[in-house]
Amino acid sequence: MSIGENISKITSQLPEGVKLVAVSKYHPVEKLQEAYDAGQRLFGENHAQEMVKKHPQLPPDIEWHMIGHLQTNKVRMIMPVVTLIESIDSVKLLKTVEKEAARIGRSVDVLLQLHVAQEETKSGFSIEELLNAATQGQLEGYDHVRITGVMAMATNTPDVKQVAHEFGMVRHTYDLLKKEFFTYPEFKDVSMGMSHDWKIAVDQGSTMVRIGTDIFGPREY
Ligand SMILES: *Cc1c(COP(=O)(O)O)cnc(C)c1O
């Protein structure tokens, strides 16, 4: 199937209001253009350099999402092009994003990344860390950053129950944060679900799925 057919197959199964981020890391710009021509506008990249390189080669109305671990020294590089930073995994990174957004006079939307998987390699706040940071006021007072939700990955396991449980915890944490701390309407997104687990994520209340392989095929490293 073509990239366009893959996209329509997925979008036809997504409940209304659930957004699709096409994860285009390691894929050439020609493939992104093909997705764009099929109507796709949200793209997710993992690496700062790759996003910055692809950005000028593609139409300006694409929304670029940073979904990979972001080092503080790469924030400046992506600030002119990024739409949503999904992978805020520390207060330090949040502060750097604020500083760099202020420096070029823009504001930027971000998601707080939660670590719920049983895998050390994945990054993010633990639920406890995130609630502590919120309670201590460390997630407030940023004039150039708007926190619009949370993001997470589940453990890479065939155990559907475990994956559902992890996604359920993310949704629960989002609901709690929304009720207690981020009561404004723009705090609206729960980004969870990839090629192999997005249906489980949607069942658990995802509002944004990030899909690469099922759209573009295997990555060309
Ligand atoms: C690569 C990646 C995805 C997409 O993975 P696929 O299995 O190719 O759909 C989603 N989220 C993050 C954070 C990723 O790094």
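**View 1. Residues around the ligand in the predicted model.** In this predicted model, the ligand is surrounded by V23, K25, N46, I67, M153, M194, S195, R210, I211, G212, T213 and R219. Polar contacts to oxygen atoms of the ligand come from side chains as well as from the backbone: an N or O atom in the side chain of K25 is 2.7 Å from a ligand oxygen, a polar side-chain atom of T213 is 2.6 Å from one, and a backbone N or O atom of G212 lies 2.9 Å from one. Taken alone, the ligand exposes 380 Å², and the protein buries 92% of that area.

**View 2. K25 and its surroundings.** K25 is placed in the loop between β1 and α2, and an unreviewed UniProt entry lists the feature "modified residue: N6-(pyridoxal phosphate)lysine" at this position. Because its relative accessible area is 15%, under the 20% limit, K25 counts as buried. Leaving aside residues up to four places away in sequence, K25 touches G44, E45, N46, E50, K54 and R219, and of these N46 and R219 are also listed among the residues around the ligand.

**View 3. Y26 in the loop between β1 and α2.** Y26 is found in the loop that runs between β1 (19–23) and α2, and its phi is near 70°, a positive value in a residue other than glycine. With a relative accessibility of 31%, Y26 counts as partly exposed, whereas K25 is buried.

**View 4. Q40 between α2 and β2.** Q40 sits in the loop between α2 (29–37) and β2 (42–45), and it counts as buried because its relative accessibility is 6%. The side chain of Q40 reaches the backbone oxygen of L42 at 2.8 Å. Not counting residues up to four places away in sequence, Q40 touches I7, L20, V21, A22 and A35; for A22, which is 18 residues from Q40 along the chain, the C-alpha atoms of the two residues are separated by 7.5 Å.

**View 5. S87 in strand β4.** S87 lies in strand β4 (residues 84–88) and is buried, with a relative accessible area of 0%. A polar atom of the S87 side chain lies 2.7 Å from the backbone oxygen of G68. Contacts of S87, with residues up to four places away in sequence left out, are made to M66, I67, G68, L93, L111, Q113 and M151.

**View 6. Nonpolar cores.** In soluble globular proteins, nonpolar side chains tend to be buried together. Here the largest nonpolar core has 65 residues, and those with the most contacts inside it are I85, V97 and L139. Helix α7 (residues 160–180) gives the most to this core, with 6 residues. Beyond residues up to four places away in sequence, I85 touches M66, L70, I78, V97, V108, D109, V110 and L111. Another core, of 8 residues, lies apart from the largest one and includes V23, I67, L84 and L111; V23 and I67 are also listed among the residues around the ligand.

**View 7. The annotated domain.** An unreviewed UniProt entry lists residues 3–218 as "domain: Alanine racemase N-terminal". The C-alpha atoms at the two ends of this span lie 12 Å apart, and the span is 39% helix and 19% strand.

Notes
Residues are numbered from 1 along each chain as its sequence is written. This is a predicted model: local features need pLDDT of at least 70, side-chain atom pairs count only at pLDDT 80 or more; totals for chains, interfaces and linings use all residues. Side-chain values use heavy atoms; hydrogens and water are left out. UniProt positions are given in the numbering used here, feature names are shortened, and annotations may be inferred rather than shown by experiment. Helices (H or I, at least four residues) and strands (E, at least two) are DSSP runs, numbered from the N terminus. Buried means under 20% relative accessible area, exposed over 50%, partly exposed in between (1.4 Å probe, protein chains only). Contact means heavy atoms within 4.5 Å. A polar contact is a pair of N or O atoms within 3.5 Å; within protein, one must be able to donate a hydrogen and the other to accept it, and residues adjacent in sequence count only if both atoms are side-chain atoms. A residue is near a molecule or strand if one of its heavy atoms lies within 4 Å of it. Accessible areas come from the Shrake-Rupley method with a 1.4 Å probe; for residues, only the protein chains shown count as cover. A nonpolar core is a set of buried Ala, Val, Leu, Ile, Met, Phe, Trp, Tyr and Cys residues joined through side-chain atoms within 4.5 Å.
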